[in-house]
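Got your viewer ready? Load the model, and let's take a walk through it together.

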Amino acid sequence: MSEQKHTPGPWQLSAATSPGSTLLIWGKPGTGAPNSVIATVDHWLDGNPAEQDEASANARLIAASPTMYDYIARRAACGDEEAKRITEAIDAAVIIAAGYSLKREAGR
């Protein structure tokens, strides 16, 4: 398992103020990235409640990811083989995402 370089959790989720508003996922003060927007999730603008519920669920999942990762990493450190496989898959996905990001920045 490689060292994670993400903003430490827990992350906080802003409340939607109106249909079509953007949900913000923030770094918690005291974590090295206070008041830093980590991610945004847009509510769909047509006001469809099912789509807004889906967007809210997506935002909650993103906000919970550092807590989930920490739990899985602790289980892996205790010898849980499934947790080790999960952290390896997460590490591989992060490497792929980083490569994709670098290609986009280079204009490829």
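Colour the chain by secondary structure: in what order do the elements of the protein chain run from the N terminus on? The order is β-β-β-α-α, which adds up to 3 strands and 2 helices. Here helices (H or I, at least four residues) and strands (E, at least two) are DSSP runs, numbered from the N terminus.

A quick word before you click further. This is a predicted model, where local features need pLDDT of at least 70 and side-chain atom pairs count only at pLDDT 80 or more, while totals for chains, interfaces and linings use all residues. Residues are numbered from 1 along each chain as its sequence is written, and side-chain values use heavy atoms, with hydrogens and water left out.

Now switch on the surface. The protein chain shows about 7,300 Å² of accessible surface, and 56% of that belongs to carbon and sulfur atoms; the areas come from the Shrake-Rupley method with a 1.4 Å probe, and for residues only the protein chains shown count as cover. Of the 108 residues, 21% are buried. Buried means under 20% relative accessible area, exposed means over 50%, and partly exposed is in between (1.4 Å probe, protein chains only).

Next, hide the surface and show side chains. Side chains of opposite charge can pair when their charged atoms come close. How many salt bridges does a search of the whole structure find? It finds 3, a salt bridge being a side-chain nitrogen of Lys or Arg within 4 Å of a carboxyl oxygen of Asp or Glu.

**Stop one.** Select arginine 75 and aspartate 80. They form a salt bridge, with the closest N and O atoms 3.1 Å apart. Arginine 75 counts as partly exposed because its relative accessibility is 37%, and aspartate 80 is partly exposed too, at 24%.

**Stop two.** Move to helix α2, residues 81-105, and pick glutamate 81 and lysine 84. Their side chains meet in a salt bridge of 3.3 Å, N to O. The two are 3 residues apart in the helix, so about one helical turn separates them. Glutamate 81 is partly exposed at 46% relative accessibility, and so is lysine 84 at 30%.

**Stop three.** Stay in helix α2 and select glutamate 82 and arginine 85, which lie 3 residues apart, about one turn of the helix. This salt bridge spans 2.7 Å, N to O. Glutamate 82 is partly exposed at 43%, and arginine 85 is partly exposed at 47%.
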